[in-house]
Structures are given as structure tokens and as C-alpha cells.
Amino acid sequence: MTTRSDSHLTLPQEAALTNGQEYYWGIRAVNERGEVETFTGDFNTRVSTPVGWESPFSSVTVLTHGFSFLYDDTGISDSFRKMAKAIAETSGKGEDERGLILRYHKETGYWVPMTPEGDFVSIADNGGTRKLKPSDENYLQDLQTYMTQNFINQDKPLVILPEWATGGESKVADTGFSEAAADAFYASLVSLDQLLGGDVGERENGEVTHLYDEEGDLIRKHGAIFDSPLHFIGHSRGTVVNSEIIQRLGTDFPEAGGKQESGERDLQMTTLDPHDFRQESLRLPLLDYRDFYEPEVRVWENVTFADNYYQTVGRGLTPNGREIEEADMNMSFNGLPGFEGDLLGVGRPHLRILDWYAGTMDLDLEEVSHEYWDLPGKKALEAGRVYDQLGEESVEDLLAGAIPDEMYWYNAGGSSEGIGTGWFYSVQGGGERPLLAEPQRTEVSFDNTHEDVVRGDYPISTVFNGSFDVGLSDDPDAPVPGWSFHNGGVASSDNPQPPDIVEANSSNPPPPNSPVPNDDFSVTKIENIINSSKGSGAIAGTFEEFNNIKQNSNQVLVLQGDGSTATHNSFVIPDWGNLQFEVFAPFKENVPRTGQLEVTLTVDAFPDKAKNDPSRYIEIPRTIDLANPARGLRDERDTQDVDIVADIIMGNRDKIGFGQAGFETFQIPFQFEQPENLISILGKSATLEFKLNTADGNKTPVFIDNVTFKSKHLDLGNPTNARWDTVRETNPNLLIERPGYVVSYNTETKNPNWVSWELNRSWVNKSYGRERSGSQFIADPFLSTDFLLDTWPQVDGTIFDNPLPGMDRGHLIPDLQRNRTPKDALETYIGTNLIVSIQVLGLH
């Protein structure tokens, strides 16, 4: 009930006001003589530190748009700019009081400060001012200084605006682009957090003492972004993008939304008309938007509060939303003004959900402009009206009783003017949330990939679409999810400049979980590409052998011609694992082999350094020699010479072996990185480029597939959570990955704990029978003291030159199961695969 006295009035709980808003009050007084007097005024409900604990920002709001037809150069529509402005001004409207707005800059992957009007902000410079632009040489250093001096620990909000409109990205009529955008945004958010204090590993006196915790998870430390309350607001397909970002956060930073180990955190997920399902009416004459085969929007286990607002009255070209069962609160708008039906069928009810929520953010807001087009008439729709009850009435009219009787959006359940709902439930809104006694949540380890889309190596792919199998388009010029838009290029739906993706072979049916192509689906087959390349000779090797290998793949990347490249969008280096990729480099008889495949992993290790500072990046290159194939041992004398065997094994690393006949696995091994480099690589943002260099106009193609940080030899798991951890002086569970197998090695006992390897007919050459190469074992090059601690063992086969009686050299993975080429067989003769074999009655 309302309580009052001569000096104050207390509103009841059901009429609690939203924090950070400007309110007006009025009193109409009548004395005993019948004389009437009115008194009016205003006040602001701004409460310092609304979250209840101190944090670098009072809140961090990620505001993500969905499907967009029109956009300006920034990709941020007027509606989202206005909402960002309303959030930023919850700390005050003055320039020194207002919070910060950051928008995503697709060309660089940076977050760029912007004014509420969409312009670059100005910063002090040599007694004057200049615009802070992402093209500046010291941009990230200047951004760090600007945010630290003006916003961090000053009780101000931060608003982050992801952008995936420019280039037509959000309207590509294909699957995979929402998750690809989320993957790139997440990498950029992690980089920003690290710029503002985030780190990897436990440190003492500046030195890393531990990289991993007891479960084998990389130790990650929050910066100012993840130490603050987080609120993800998504509209339409933007709800899918946010859901994917939140899943990644929950996997890598489960305590994001508050200070680590404090027990105080808040991560809110607001979904506005979530659209992640098939809707038959969304089919245009030339574009089919019925189904993007989106990953399902989920309320993940790291979400503390989830509120969902939706309508289902849309028809024609109007997307509908849906209820989310796991949400703490679902609100249907069916039947409210503007949601009684959908006369035009051009998106209005779908957009009005956004209008409604914007009206709860800014109670003065009267209309919302979307820059959304009516396709049949080529005419922009009028700005959406905010149906509030009192907002357009003067205080004097209200006191005189001139209150309209029309039904409005914000009076359901007794509330009005946007209080008690929507933004009211945010940290900045300050309202009491309708929490469920037993909230439903999904574990972040759950794979929510659509059932008709090929799944990645993990529920969150280590390299999104590294298999090149995500995407339904049969257009060879179409952009490719994960490899377009966010890789520093200028790809768009109109000018995609994509990498070339081709079907693996004509005889294979689509894999079990892949979408079935349309009847008119037609792509260039690998055979046709090879046969049309320069030279008339027959293909060396058996193509049937290649066909037998590719039964689990549908599409592959092809590089053809000097300088052809493919660059993956920015992504976060995972906790562990070497980068793996498969290469097929066929050659023709009587055509000289030429060329190199350059593979470069570029890690943005020190983002606070200048762009042109070579020490900012850690580049890990790999050059695969396509002209000189791998070789085996020349004669019997070579087999027992450790140095010769070592030179051949190391020399074969960058040469084609089986890759002349089928897909061969190569790696970028982190084992050859100095320990201090490894610390600066893991958990950081990176890009990956494949580039083909050929000579003399040679058009012989190179095919690439299955780019991942997960070894195929660990498909059944990593049983002891082995890690390549160079911080520890001794490591009883050291992970060693090779193209042909994986080892957990004990540097204390100098023995492998286990070896895991894939076994199928592609690895075995039956013509060799049971003949072994009998090579000498070499010391593992990964344990070389050139890179690592001198306390780690260097074990080779010479320890058996004078063995004890009954003892001999033994493999854990036998060379007979890796004998398809001499290169593969020799790889089993490395000291970390060596174990004592006991002879009993002539048997091993």
C-alpha cells in the first residue's frame, strides 16, 4: 500500500521505479475555501553502484542486433544507438558522467568508442584533441589509457555493440553465420578483457608458476570486462549470437560477471523475439529465409537470470519468436497493441518487441527508428511508436484528469510507463527479479548444433567450420562461415571473395548429420579440378584410395594458383592441443612438382603494443614443401645411425608423404615454442592463413580439410587430461601430439603412460606384409634442451646397446600399423614411443 505523511510518500513494491530514470511529480491541493494549487517537479532515481558490490564497470551490456537489411557504415542502426545511449546515461547525461559505448569494427576486430550519435570520440593529443580511430598506430594503447582514465572504477556503465550487418552478413541465406559471428565477437571480447587486465596462468613476482589447474583447465584471470556484471540483450537472430557467446564464456570463464572466487556475480540473458527455428512463410522469390539451421538458443548454466519477450502473430515476411522453457520469465505480447495481428506481414510485430524493450530503458522515448525496409514497396517503414500510457501527456493535463483510456503496453499487472518489467530487471534497472525456485539451465558442454548441420570437434569447435562442411549454399562465390567477413578482408554477400570450397568426391553420400543438397546442387568435384589443371599426365597414386578415406567429409578447401589464400576469422587459441590440418597435394606424371604451402598462425599476444611493433605478435609459420616428397632410409647402415634417422624424421616434417595420394595430417606443434612464448599463446586471439605459392603458372591444386586443435587420435578422449605444460620442471603427464599418434609421457620415469592412435586401413600398406623397418629410436625432438628444461629426459634407442638379459626395444604403437609410407613408419621410432620389451621364451 502507499504510505504518506506531511513530508513524504512511499510507493508500494508493485509501483517500484526503475533506476537511472528521470521522473516527474505533481501535487494538486484544494484548501477549505475551494482554491486549487498545483506543484510540480522532477527527480532522478540514479543509485550509485546498483549491483551491490564494487566492480570496474557498474555494468557491461552487450546489445546484439539480428537480421538487418539496411545499415550505415558502422552497421549500427538508429534503434540500437538510442538504446546504447539510454544505458550509457544511467550514470548521468553529462559528458563526464556518461558511460562508454563501444562498437565492433569488423576490418580490425577492435572495439571502437563512439558517441551516442555514432561518431568517433575525441581524445587529448599534444595540447589539442583528435579522433580515436582503429587505424591509429597506437590505437589499443590509446584505448587502454582512455578507458582506464575515464571509465574504469568510476561507477559508469559500458555498452558493447557487436556488428554483423555490414557486407550483408546477417542476411546471408545460409547456415553457420550467426555462430561464426559469435566466435569472432567472443575472440574480440577476450582480447579487450586481456587489454584491461586479463591474464593467463598463476603468477608470483611476475613469473608464471602454474598454467593449468588440477583438472587440466587453463587458468584464466578476468580483466575489467569479465569482472563486471554482464547483460546480454539480443533481438531476433542476435539472440543466437549472444547464446553462442555466453556458452563460450561459460566454458572458458565460468565466473564471468563478477570477481573470481568472490561468490558475487551477475550474468543476465535477455532475449527479444528469439528466432532460431524454421518458419515456412519466410521464403522470398530469390532468397529462402525459412530456416538458417541455427544452433538452438539455450539458457546456459552460467546465466544468473534469463528473461524472454516474444510474439507469434507474425505472418508473411514477419519472423516470429518463441517461448524459451529454461527462461526465468517468459512474456507473450500476443493481443497487446500492435500485436493483435499482422496486416502487412513485413516485420512490424517482430520489431515492436524491440520497441517495447527500448521503452522500458528510456521512459522518455516516444518512437524507435529501425531503418527496416518494406520490400514490395521499396519504402522505409515509419518509426515504431512506443505505446506508453502517460509519456506524451503534460503534468498539468494529468493533474486535470486528461488521461487517455486506450490500452497500452505497460499497464498489464498494474504497472505503467515501463516500470516493473523489461529493463527494470537489469542490474542498472535495479528491480526485484521473479526468480524461479529451481531454475532450469543447460550445461555448457551440451552440443546445441542443429540436427541437420555437421557438428564440430567439440560442442564449441576449436576452429569453427574447420571441416568446411558448415553451409548449404551451392554457389561457388558465396561467403564461407568462419572464413569470411571477420578475417580482415572486405568480403560481403555482394563481393564475397571467399575461399573455394568443393565437394570431396562424387561417390560419397552426404555424412549422417549433413543437410541434403537441393536437386540442382552442383559443385566442382576434386577429380575435375585435378584433371583440368596444367599437364596431361595421369594422376600419380590411386584416387580410389583417396575416396576410401573421405567417407566422413563432404566439402574441402581448394587452393589453386600462385598466391591463392584462405584466412580464418579471429578465434581464441584453446586450452591445449596442436593445430592440425589435412593436406592432399596430388601431382601429375611428367609434370614437375613445384610450390609451397605456407601456413601461418598469428597470435595477438601483446595487444597493448603498437600495430607495427614486431614483438606484439607471435607468428608460428609452417612451410610444407610440395616439390620434394618425404623420404625413407636409404640403406641398412642408415637405420642404426641415430643422427641420420633424426635428420630424416625432422626433414620429413615439412614434406609431403601420403598427401600425394590422399589427405595427410600436418601440425603446427607448440612443442617447438619457447616456454615464455607458449604462455603468451594459449587463450589469446589469433588468425590462421593458408597460402599457396607455385611457380611457372602451375595450377596443380592443393586441398585442405579438418582444421582443428583436436587430434583424431583422441576421439575417445584424453584419459589423464595430459597437457603440454612447460612451466613444470618435471611433468608426469606430458602431452605429446604427432600426426600419427598421441602420447602421455612421464618425464620422471622416462616412459610413456599411454599411447593413443587411430587405426583404419588408410594407415596400413598390406604389400609390406609384416616387414618392419627396424630403425633406431631417436630422442624426441620435442624434448630438446634447445627449447625446454635440461631436466627433461633425452631417451633414444642406444640405451639398449648393452641391454640386460632378456630386454629389448619395444613400441607402444607398432610401425606395422603406420606403414603406409616410410615417413609414417619412421615416426613410430621416437623415444617417447619406446618402452622396454621383455623376451620370454623368444616372445616379446
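**Two strand arrangements in a predicted model**

Ile-736 has Val-743 in S33 as its bridge partner, and the strands involved, S32 (residues 734-737) and S33 (residues 742-746), pair in the antiparallel sense over 4 bridges. This is a predicted model, in which local features need pLDDT of at least 70 and side-chain atom pairs count only at pLDDT 80 or more, while totals for chains, interfaces and linings use all residues. Residues are numbered from 1 along each chain as its sequence is written, and side-chain values use heavy atoms, with hydrogens and water left out.

**The hairpin**
- S32 and S33 form a hairpin with 4 residues between them, where pairing requires that DSSP finds at least two bridges between two strands.
- From S32, Leu-734 and Ile-736 point one way and Leu-735 and Glu-737 the other, and all are buried (under 20% relative accessible area, with a 1.4 Å probe and protein chains only).

**The open sheet**
- An open sheet of 4 strands follows the order S25-S30-S27-S28 with antiparallel pairing, strands being DSSP runs (E, at least two residues) and helices likewise (H or I, at least four), numbered from the N terminus.
- Strands S25 (565-572) and S28 (618-625) stand at the edges, each with a single partner strand, so one side of each is left without a neighbour in the sheet.
- The twist averages 15 degrees from one strand to the next, with axes fitted to C-alpha atoms, for helices over the stretch in contact, and angles running from 0 to 180 degrees between N-to-C directions.
- Strands S27 (residues 596-603) and S30 (residues 685-693) pair over 8 bridges in the antiparallel sense, and Val-599 stands opposite Phe-690 in S30.

**The packed helix**
- Helix H3 (residues 177-195) packs on the sheet, touching S25 and S30 (contact means heavy atoms within 4.5 Å), and its direction makes about 55 degrees with that of S25.

How values were computed. Buried means under 20% relative accessible area, exposed over 50%, partly exposed in between (1.4 Å probe, protein chains only).
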